[in-house]
Amino acid sequence: MPKSIARRKTKKAVAKRFKITATGKVMTSQSGRRHLAGSKNRKRKRHLAKLKQVDKTDVKRILANLPFA
């Protein structure tokens, strides 16, 4: 039986945290919504629910852990 070609695995922790859009942007959820929400107003919590674009300095590291993205 021939040896299989070595392939990189997807880091599942990274796959759960980040989403790649059709145009190639890396999106993630914003921090600050998990707890202590009583002191934040509704508008602030609503805006924290939206995805945000990852900084360009981190994109290369994220995509390295998502070989099939």
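**Exercise 1. Decide whether Thr 28 is buried or exposed, and find what surrounds this residue.**

Step 1. Thr 28 has a relative accessibility of 13% and therefore counts as buried; buried means under 20% relative accessible area, exposed over 50%, and partly exposed in between (1.4 Å probe, protein chains only). The model is a predicted one, in which local features need pLDDT of at least 70 and side-chain atom pairs count only at pLDDT 80 or more, while totals for chains, interfaces and linings use all residues. Residues are numbered from 1 along each chain as its sequence is written, and side-chain values use heavy atoms, with hydrogens and water left out.

Step 2. Thr 28 sits in strand E2, residues 26-29 (strands, E, of at least two residues and helices, H or I, of at least four are DSSP runs, numbered from the N terminus).

Step 3. From its side chain, Thr 28 reaches the backbone oxygen of Arg 17 at 3.1 Å.

Step 4. Not counting residues up to four places away in sequence, Thr 28 touches Arg 17, Phe 18, Leu 51, Lys 52 and Val 54; contact means heavy atoms within 4.5 Å.

**Exercise 2. State which residues make up the largest nonpolar core, and trace the contacts of Leu 66.**

Step 1. The core is a set of buried Ala, Val, Leu, Ile, Met, Phe, Trp, Tyr and Cys residues joined through side-chain atoms within 4.5 Å.

Step 2. Five residues belong to the largest one: Val 14, Val 26, Val 54, Ile 62 and Leu 66.

Step 3. Beyond four places in sequence, Leu 66 touches Thr 10, Lys 11, Val 14, Ala 15 and Ile 20.

**Exercise 3. Place Ile 20 and list its contacts.**

Step 1. Ile 20 lies in strand E1, residues 18-20.

Step 2. Its relative accessibility is 27%, so Ile 20 counts as partly exposed.

Step 3. Leaving aside neighbours within four places in sequence, Ile 20 is in contact with Lys 25, Val 26, Leu 63, Leu 66 and Ala 69.

Step 4. Ile 20 and Gln 53 are 33 residues apart in sequence, and their C-alpha atoms are 9.8 Å apart in space.

**Exercise 4. Describe the backbone and setting of Leu 36.**

Step 1. Leu 36 is in the loop between E2 and helix H2 (42-48).

Step 2. The phi of Leu 36 is near 60°, a positive value in a residue other than glycine.

Step 3. With a relative accessible area of 64%, Leu 36 is exposed.

How values were computed
A polar contact is a pair of N or O atoms within 3.5 Å; within protein, one must be able to donate a hydrogen and the other to accept it, and residues adjacent in sequence count only if both atoms are side-chain atoms.
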